[in-house]
Amino acid sequence: MFVSVPATSANLGPGFDSLGLAVDLRNQVELVPSRFFAVSIKGEGENNPRLKGNNLFVSIFNEHYRRLTQKRQNFKFTFYNQIPMSRGLGSSSAVIVSAISCAHEAAGVKVSKRRILNHALVYESHPDNITPAVMGGFNAAMVEKQKVFSQQKHLPDYLKAVVVIPNKPISTAKSRTTLPKSYSKENAVFNLSHTAVTVGAFFNEDWEMLRLATQDRFHQKVRMKMLPELFAVQKMAYDNGALMSTLSGSGSTFFNMVYDQDAKMLADKFKAEFSDFEIKILGFDNDGLVVER
Ligand SMILES: Nc1ncnc2c1ncn2[C@@H]1O[C@H](COP(=O)(O)OP(=O)(O)O)[C@@H](O)[C@H]1O
Ligand SMILES: N[C@@H](CCOP(=O)(O)O)C(=O)O
C-alpha cells in the first residue's frame, strides 16, 4: 500500500496560520507488514541518521495503529521523499498526514479526509499546511473547538509556482518564537483586509489582484531578516511578472506564483542571481492525500 501527500505553501502573505495551497511535489510511503521493524529512506533525508531512529512518521503511525487495533505489529516502511525538510514547504504536515492515513489503512479502518485533518491538528496546531496537504488546492482554514473548518478552491494548470529554496533550514517551531506577541489595531486591520481580498481573488480567479492583496505585516519581514537575500528574491519576482511573491510558511523557501508562460524566464533569472539556492518550477496539486491500495 502506498500513501502520498503533497508539499504546501502556507500563509500566502497576510493569511498567517489560515491560508495555504498544495504544490506538485510529494512524499510517498510504502507500507508492508514484516517480522521486523525496518525503515528505508530514498530522496530527501536519506543521509539523515536521526530519521532512521526517532522518526516522527513512525511514532504517529504507532500511536494511531495501536489506538485502532490494540495490537503491536511490525512493518517495513519505505519513504520516497521529495519535500525538502525545514524549508517552509510543509514537510512536517506531509509526515503527520501520511502517518495518520497509513495507520488507518493498515488497521483496515475507513476514515474520511476531514477526520484525518482533525487528527492532524493534534500534532500541528495551525491548519494552514495540513488542510491543503489533505485536501489539495488553495484552502482557507480555521479551527473551532479542536476541529478544522475550511473552504477549498482548485487551482488551474495555467498557473505555476516558481519556488526558491535556500540552502539554510528554518525550524517552524523556533521561528514562531521570534514573532511579536501582539499587533497594533492598524496592522491587524491591514492583515485582515488583505487576507479577505486574497481569498476573494483566489475564488474569483482575479490573479492580478494578488500582487496588492498578498502583503503582510504580521510575520514575513521579521523572518526574512534572518536571510536578507530573500528581499532581493521578492523584488526580482515582482520585477519579472510574479502575481504574488511570499515567504513560504516560516521559510526559508520563497513562493512565487506566475502565469505558465512566465515561469521559465523567472526561474532562469533566479538561477543566474542565486546560484546557491535551488529553484523549481512546480504545478499546483488539487488532489491532496492519495492512497493506493
Ligand atoms: N520526511 C520526513 N521524515 C521524518 N520526519 C520528518 C520528515 N520531514 C520532516 N520531518 C520532521 O519535521 C521537522 C521539520 O518540520 P518544520 O520545522 O515544521 O519544517 P517544514 O517547514 O518543512 O514543515 C523535521 O525536523 C522532522 O522532525
Ligand atoms: N503558519 C505557520 C506555517 C508554517 O509552515 P511551515 O511549512 O514552515 O511549517 C507559520 O507561519 O509558522
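Student: How far apart do the C-alpha centres of domain 1 and domain 2 lie?

Tutor: In this predicted model, those centres lie 24 Å apart. The domain assignment puts residues 2–154 plus 286–292 in domain 1, and 159–282 in domain 2.

Student: How many residues of each domain are in contact with the other?

Tutor: A common way to give an interface its size is the accessible area lost when the parts come together. Here we can count residues instead: 25 from domain 1 are in contact with 29 from domain 2. On the side of domain 1 that touches domain 2, the elements giving two or more residues are β1 (2–10), β2 (19–33) and β5 (138–144). The largest share, 4 residues, comes from β2. By class, that side of domain 1 has 12 nonpolar, 10 polar and 3 charged residues.

Student: Okay, on to the ligands. Where does ligand 1 lie with respect to domain 1 and domain 2?

Tutor: To read a ligand site, check which parts of the chain supply its shell. Both domain 1 and domain 2 give residues to the shell around ligand 1, so ligand 1 lies between them. There are 20 residues around ligand 1, and L56, S86, S91, S92 and T172 come nearest. Helices α2 (56–69) and α3 (91–107) and strand β4 (75–81) each supply at least two residues of that shell, with α3 giving the most, 3 residues. The shell around ligand 1 divides into 7 nonpolar, 12 polar and 1 charged.

Student: And which residues come nearest to ligand 2?

Tutor: Those are A10, G88, T172, G249 and S250, out of 16 around ligand 2. Helices α5 (127–135) and α6 (172–176) each supply at least two residues of its shell, and the classes are 3 nonpolar, 10 polar and 3 charged. Ligand 2 also lies between the domains, because domain 1 and domain 2 both give residues to its shell.

Student: Let's try a helix. What span should α11 have, and what does the model show?

Tutor: You work from the rise per residue. At 1.5 Å a residue, the 14 residues of α11 (260–273) should span 20 Å, and its end C-alpha atoms are 21 Å apart, which agrees.

Student: Which residues of α11 are buried?

Tutor: A263, L266, A267 and F270 are the buried ones. Look down the helix axis and these buried residues fall within an arc of 105°, so they line one face of α11. They pack against β7 (159–165), α10 (229–239), β9 (254–259) and β10 (278–282). The face turned away from that buried side carries the exposed residues Q261 and A272.

Technical notes:
Residues numbered from 1 in each chain as written. Chains lettered and ligands numbered in written order. Predicted model: local features only at pLDDT ≥ 70, side-chain atom pairs only at ≥ 80, totals over all residues. Near = placed C-beta within 6 Å. Nonpolar A, V, L, I, M, F, W, Y, C, P; charged D, E, K, R; others polar. Domains from an automatic or database assignment. Expected span 1.5 Å × (residues − 1). Buried ≥ 20, exposed ≤ 12 C-beta atoms within 10 Å, placed from the backbone. Arc of directions from axis to C-beta. Contact = placed C-beta atoms within 7 Å.
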